[in-house]
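This report describes a protein chain through its helices, its buried residues and its contacts. The sequence and structure are shown below.

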Amino acid sequence: MNLPALFATPEMAILLKWTGLLALGWTAHGALRRHHARWRLILWRGVLCLGLALPLALFSQSPG
């Protein structure tokens, strides 16, 4: 099994980005745990929107 080729697939790239995004979300959630629940709701809605945009960003072309 060629391990670097496994990480080169688009599915694995999306999975790794989702994992990083969720880890960042949980870290921010821990920092906001003593604040108003509205901030945590805004945080998780933002994580959801960014997570849904990850596959689109992977297949779109960027200049440069």
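## Burial and overall composition

Of the 64 residues in the protein chain, 14% are buried. The model is predicted, and the chain contains three helices and zero strands, arranged along the sequence in the pattern α-α-α.

The protein chain exposes about 5,300 Å², and carbon and sulfur atoms supply 71% of that area. Among contacts with a separation of 6 or more, 50% are between residues 24 or more positions apart in the sequence.

## Confidence

The average pLDDT of the protein chain is 85, and 86% of the residues score at least 70. Among the elements of the chain, α2 has the highest mean pLDDT, 90, whereas helix α1 (residues 3-7) has the lowest, 64. Where pLDDT is low, the predicted coordinates should not be read in detail.

## Helix α2

The 22 residues of α2 should span 32 Å at 1.5 Å a residue, and the end C-alpha atoms of α2 are indeed 32 Å apart, so the two values agree. The buried residues of this helix are Met12, Ile14, Leu21 and Gly25.

Leu22 also lies in helix α2. Its relative accessibility is 33%, and Leu22 therefore counts as partly exposed, whereas Leu21 is buried. Apart from its neighbours within four places in sequence, Leu22 is in contact with Trp44 and Val47. The C-alpha atoms of Leu22 and Val47 are 7.3 Å apart in space, although 25 residues separate the pair in sequence.

## Helix α3

Helix α3 covers residues 37-59; at 1.5 Å a residue its 23 residues should span 33 Å, and because its end C-alpha atoms are 35 Å apart, the expected span is in agreement with the model. A bend of about 35° occurs in α3 at Ala53, and a proline, Pro55, follows within four residues.

Pro55 itself is found in helix α3. With a relative accessibility of 30%, Pro55 falls in the partly exposed class, because buried means under 20% and exposed means over 50%. Pro55 and Pro10 are 45 residues apart in sequence, yet 8.7 Å separates their C-alpha atoms in space.

## Packing of α3 against α2

Arg40, Leu43, Val47, Gly51 and Leu54 are the buried residues of α3. The buried residues of α3 pack against α2, which runs over residues 10-31. Val47 appears on both counts: Val47 is buried in α3, and Val47 is in contact with Leu22, a residue of helix α2.

Methods
Residues are numbered from 1 along each chain as its sequence is written. This is a predicted model: local features need pLDDT of at least 70, side-chain atom pairs count only at pLDDT 80 or more; totals for chains, interfaces and linings use all residues. Side-chain values use heavy atoms; hydrogens and water are left out. Helices (H or I, at least four residues) and strands (E, at least two) are DSSP runs, numbered from the N terminus. The expected span of a helix is 1.5 Å times one less than its number of residues. The bend at a residue is the angle between axes fitted to the seven residues ending there and the seven starting there. Buried means under 20% relative accessible area, exposed over 50%, partly exposed in between (1.4 Å probe, protein chains only). Contact means heavy atoms within 4.5 Å. Accessible areas come from the Shrake-Rupley method with a 1.4 Å probe; for residues, only the protein chains shown count as cover. pLDDT is the predictor's confidence in each residue, from 0 to 100.
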